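Some labels on a structure rest on a cut-off. The turns below ask where a few of them come from.

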Number of protein chains: 2
Amino acid sequence: MECIAQAKCFGGTQAQYKHRSESNNCDMTFSVYLPEASQQRPVPALYWLSGLTCTDQNFVTKAGAQRYAAEHQLALVMPDTSPRGEHVADAEDSSWDLGAGAGFYVNAIQEPWREHYQMYSYIVDELPSLLSKHLPLDAQRTSISGHSMGGHGALTIALNNPEKYHSVSAFAPIAAPSQCAWGIKALQHYLGDERSQWQKYDTCELIKKQPIDKFNLFVDQGTADDFLQDQLKPSLLEQACEASGQKLTLRYQEGYDHSYYFIASFIGEHIAFHAAALKE
Amino acid sequence: MECIAQAKCFGGTQAQYKHRSESNNCDMTFSVYLPEASQQRPVPALYWLSGLTCTDQNFVTKAGAQRYAAEHQLALVMPDTSPRGEHVADAEDSSWDLGAGAGFYVNAIQEPWREHYQMYSYIVDELPSLLSKHLPLDAQRTSISGHSMGGHGALTIALNNPEKYHSVSAFAPIAAPSQCAWGIKALQHYLGDERSQWQKYDTCELIKKQPIDKFNLFVDQGTADDFLQDQLKPSLLEQACEASGQKLTLRYQEGYDHSYYFIASFIGEHIAFHAAALKE
């Protein structure tokens, strides 16, 4: 992997890297914030999965998260939201909710997506393995969070791999992709019409099947979020958790929308939540 | 003035406004962060002047300043860096250090600039007057800060109008524009070759002529800043302050560059500095 940009930030280093991804079969870019303590010892890491249309840079520049990562001396790992490149399939109509910027953190099995859209394996296996070789991260102490499509990614990835993550949280996640337009469009294209293939990538379905005792899902949702009713459906998440006994802390934040101003306002509390779990 | 965007942020409101500017003779866009307390009473305000190529949005999205403004319950006012529009003169070669995005916070007296480039009057008079009519800001409690070209703007504006500002600070300011390429280019175009016209807009010249007892200039400068030696010249600022007895706190921040990662790392301390001055 090659460092393509770096700057000192809150005593640590904000860097951007490029590497050849085997799972996605293309070059991928990601960003990492390493706190000062990483110069002396491996530090725990919080993975952040971004939402539709984002790259690795949105959270880096807009969330103000480095301040809190420095406070708790943990690293932030910020992957891109899809494979990209000249030879990588994209939505034919250039729509923003499919293809580039919209990988949905699944392993695609349908044409033309399956050659490159393997974001699930990329986040769960390839990237942690790469980072453990090159950066001072404590591979035994990892947590995960994300926003919107990335909140969906964080929840499904943690629920499918509870042994890999100490804690999981989300901002305005797409909690039931099988039951909203964004999710149905993506899952149909990437996985096909057979809905049994979708369950692994649907937070509500996973919770109904098997609650994970280890996790208390920590979720913030703005009440002024334009996508709340039609796409995000936090009430389905509440119902699924109640039905199965999954621990959930869902906070409705009055007046907040779907933007990074919402994320910036509460990312400090999420990072404190993860830092506490990563100390255990 | 018309509100064109707003979002809740750290309990307050991050908003963007558009209005017809008389001084600049064009439509201008600016951003304001109003903390929660402004719903009950007028709050003090910190003006932030951005650097070359910026709009009103860079500081809003990248500095993470709202968190600290909310902590101290003060407003942030973030103007654009120049007039803009179809009928507004711009650099013929579209260079980024003159014209749009590069108003240098002066009142231009040369053609073709003087019809629109009146950023000094805009920041000192027009914008505060407009805001006092429309927003819950305490007009008697205002401070000013900025970055690079905007650090130059903040320092020169405060030194020329000490009665209007409680305190002033800067990140990596262009401290002696008469003695660096960026400044000379801009001042020649906007003000002409007669250097006596430049003095009012040169921090070092102003300090040598008249130190301002009221101010302790608070300046942060990264040591890894690519522009330090050729454009920013903090040593000239130190010399001018020493020669005239102007109070100065200049901090060299080891390893920090010219980016918003540098600003984000120290904006909390600047806001605390201004909040303390605004309480007096």
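Q: In this predicted model, what makes Phe273(B) partly exposed?
A: Phe273(B) has a relative accessible area of 25%. Buried requires under 20% and exposed over 50%, so Phe273(B) falls in between and is called partly exposed.

Q: Why is Phe218(B) called buried?
A: The relative accessible area of Phe218(B) is 7%. The cut-off is under 20%, so the residue counts as buried.

Q: Why is the pair of Phe218(B) and Phe273(B) called tilted?
A: The ring centres of Phe218(B) and Phe273(B) are 4.8 Å apart, with the planes at 50°. Centres within 6.5 Å make a pair, and an angle neither under 30 nor over 60 degrees leaves the class tilted. This pair links distant parts of the chain: Phe218(B) lies in strand S8 (residues 216-222) of chain B and Phe273(B) in helix H9 of chain B, 55 residues apart.

Q: What makes the pair of Tyr120(A) and Tyr201(A) edge-to-face?
A: Their planes stand at 80° and their ring centres are 5.7 Å apart. The angle is over 60 degrees and the distance within 6.5 Å, so the pair is edge-to-face. Both Tyr120(A) and Tyr201(A) are buried.

Q: How many aromatic pairs does the rule give over all chains?
A: The count is 28. Separately, one aromatic cluster is formed by Trp48(A), Phe59(A), Phe171(A), Tyr256(A), Phe262(A) and Phe266(A).

Q: What does the rule find for salt bridges across the interface of chain B and chain A?
A: Zero salt bridges are found there, while eight residue pairs are in polar contact.

Key:
Residues numbered from 1 in each chain as written. Chains lettered and ligands numbered in written order. Predicted model: local features only at pLDDT ≥ 70, side-chain atom pairs only at ≥ 80, totals over all residues. Heavy atoms only, no water. Salt bridge = Lys/Arg side-chain N within 4 Å of Asp/Glu carboxyl O. Polar contact = N/O pair within 3.5 Å; in protein donor to acceptor, adjacent residues only side chain to side chain. Phe/Tyr/Trp six-rings, centres within 6.5 Å; stacked < 30°, edge-to-face > 60°. Buried < 20%, exposed > 50% of the residue type's maximum accessible area, 1.4 Å probe, protein only. Helix = DSSP H or I, 4+ residues; strand = E, 2+ residues; numbered from the N terminus.
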